[in-house]
Every structure is written in C-alpha cells, then in structure tokens.
Amino acid sequence: MKIERVELRLLRLPLARFFETSFGRSYDRTFVLVTVHAGGVAGWGECVAEHAPFYSAETTETAWHVLEGFLVPLLLGLSFGDPREVTPALARVRGHLMAKAAMEMAVWDLHARQQGKPLWAVLGGSGRPVPSGVSIGIQDSLQELVDRVAAERAAGYQRIKIKIKPGWDVDAVDRVRAAHGAVPLMVDANAAYTLDDADRLRALDAFDLMMIEQPLDYDDIMDHAALQRRIRTPVCLDESITSVRVAAMAIDAGACRIVNIKPGRMGGYREALRLHDLCASRGVPVWHGGMLESGIGRAHNLHLASLPNFTLPGDIAASRRYYTPDLIEPPVEVQEDGTVPVPADGPGIGVHIVESRVAAATLRHTEIRSS
Ligand code: NPG
C-alpha cells in the first residue's frame, strides 16, 4: 500500500455536559482528525491529544506540528503491505504517541476498507457487543453525583466509574455506596495522589471497589508497586502504560493488577494488540479506556474492545453523553443489557461519517500529498 495524500483537520465540538477530572473542567473538546487516502479509499483516525497538556505532554497543537512536519512525510514515502509496518517506520520520531496513533489507526481503517472487512476482523477481534461502563466526572455536589449515578444505572451501564481527587474521594464513594448498594464501582484519580496519601487511599478498601485507576504519578511505576502492597483494592494503570515494555515492568513489579488499554495513548493498534496479548498471557484483565472521543474514535475503540481479553466493562459509552449530534450516524447507543454493539455499517470502522458536521466543526484543514 502507498498512501497518496493525508488530510489533517482540527475540530472543536461542544460537550453535551461539562466533564471534570482532577485536571480541571472541560466544556468542549478540541482534537485532530487524520484522513489517509489510497486508491480512492479513505481511512479515518482521531487523535486523543487534548487542547491542554494535562493528561499527557501532548496537545492538539503538538500533534498537528509533528503530524504535518514529520509523521505524514514519513508515511507518504512508504510502501507497505501491512499496517503493522507503520509503527517501525515512524520510530525515528521519538514520543508523540498520540499523534502517531491517530495516523496508524487511520491506516488500519483504510486497510480494512480495502479488504472489505470490518476493522475488528483485521485486528483479530470477534465483533461481539462490548460491555460498557460509564465515567462520571467530579460534580458540584455529592447529591448531584448520587443522582448522576442513578441516571447512568437506569441507562443500563454495567459499571460506574467516578473521578476522585484529594477532597473528593472517600466521602464521594461512601455516598454512592450508601445510595446505590453493591453497584460495580471503581474510581479514577488521574494521578492526583502521592505515596504520602497511602492511608487515605487505603480507606477506600472498605468499599469493595473493582479497582482504583492511576492513583499516583503518570511515570511512577515503583510508587504504584509500593502502594499496591499497602492496599487491597486492585490498582489499574492508565497514564503510566505507554508501551508494552513499561506494562511488562509494571506487572512484574506488582504495580498493577488490571490494565486500561487505549491505543491512542500508546502509538496505535500495533502496540495495543501486543499489550492485549501480554496481559492475556500474564492473566491480567484489561478494559478499553475512553478519551471523550467523537463517534469516529469511539467506533475505533469498539472494534478493538471486541478482542477476547477485554473482559471488564470499558469507558465506551453512548454518543449522547458527549456530543449531540455526534459526527456519525447512527450514533453509538448502549443497549438494555449494558453492552454497545460494534458498528457494522460497512467495512473498516463501520460508521457513516456526516461530512457536513465534520466541516461545521473544523477550525483548520490541510492536505499533504506525496511528491
Ligand atoms: O467516556 O470517553 C469517556 C471518558 C472516560 O474518564 C474518561 N476518560 O482519564 O481516562 C481518563 C478520562 C479522560 C478523558 C482523560 C479525557 C483525559 C481526557
């Protein structure tokens, strides 16, 4: 395959409702869309980098800069037979895993479309419906939190994740447990604590949580191992897991018992598939994370999440929680049993992209052709 041209778009979409993590509150999402073209077929990828460098060092503007100046020119010069060849060809560029992932995942979509197959089939998934959980941000009051949990349970989601930070943790979990009994519940700290907070985090052991996600710093494997020795609740790592090598180290060190997989965080599908297989071989369950993606990125996530070791409900919820309307039709919906079907409207990611909505949300557009 030889890619003939690549389009980059910078989009901004208002969120249906604000989303607050330990990093702060967002009212909209700005992101880069990558479209790769070959032989009259287009593949789409969505970059998970955000406007601000809080979740990771990358931003929309660093992604744009690195894609336009370095990654796209490397891809346009390449002839390859399999999308797995893309990542090694980009290895000269250090880091910038979110920018790399957006382009690599677009190539996988293109490859699947060229084969006339759904993306899950070329990734080795099953296309089965994906068990879905929901991620509830920090609210203005504990009562609002309890009410939002009620609304999301009524929608069918199989587990509830609530965001925590110092000052919004033990009380929040206590209130949710008191109001909602044994609902499958987990918390996500987005790296808001240090090992000095171990006693406070150990207090969460009383609530029978499925896991605590990324309690400590994004690059601190050893402190997570020390914490896991002191608490009963399983630690799940997200921000820390940027490669299979780091994941193997974290598992060996006892820093996590569960792994959150986001291909957008680790350079794309090639590395995400290897991570899936590593975790399966070590008996470590995984689930698919989310980054407030539009329907394009959300569809990608659903295809990957149909692989067999994604045994825990992921953060892949219905479009209406994020964007109304979404960039795709029909939108992603959760079913009564709390699963989300893998989109199957055609090959590749299997969704209809509403180009007029993409155009309306586009702040900047460029096209780069092979010379
Ligand atoms: O449902 O897409 C979703 C959001 C899930 O909580 C979620 N994502 O830490 O994983 C995270 C968090 C996040 C969202 C982080 C956006 C950074 C940006």
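Strands here are DSSP runs of E at least two residues long, numbered from the N terminus. With that in hand, load up this predicted model and let's go pocket hunting.

**Stop one: the largest pocket.** Select Phe19, Thr21, Ser26, Glu50 and Leu292. Of the 35 lining residues, these are the closest to the centre of the largest pocket. You're looking at about 560 Å³ of space.

**Stop two: its walls.** Now colour β2 (24–38). That strand gives the most to the lining, with seven residues. Next, add β1 (5–21), β6 (159–163) and α11 (295–304); each of these also supplies at least two lining residues. If you colour the lining by class, expect 14 charged, eleven polar and ten nonpolar residues.

**Stop three: zoom out to the domains.** Give domain 1 (5–116 + 351–369) one colour and domain 2 (122–340) another. Where does the largest pocket lie relative to them? Both domains give residues to its lining, so the largest pocket lies between them.

**Stop four: the second largest pocket.** Keep the domain colours on and pick Ser56, Ala57, Tyr218, Glu239 and Thr242. Those are the closest to the centre of the second largest pocket, out of the 21 residues that line it. The space here comes to about 430 Å³. Domain 1 and domain 2 each put at least three residues into this lining. Switch back to class colours and the lining of the second largest pocket divides into eleven nonpolar, six charged and four polar residues.

Note on methods. Residues numbered from 1 in each chain as written. Predicted model: local features only at pLDDT ≥ 70, side-chain atom pairs only at ≥ 80, totals over all residues. Heavy atoms only, no water. 1 Å grid on protein atoms, 1.4 Å probe; cavity = no way out; pocket = protein on both sides within 12 Å on 5 of 7 lines; lining within 4 Å. Points joined across faces, edges and corners; volume = space filled by probe spheres on them. Helix = DSSP H or I, 4+ residues; strand = E, 2+ residues; numbered from the N terminus. Nonpolar A, V, L, I, M, F, W, Y, C, P; charged D, E, K, R; others polar. Domains from an automatic or database assignment.
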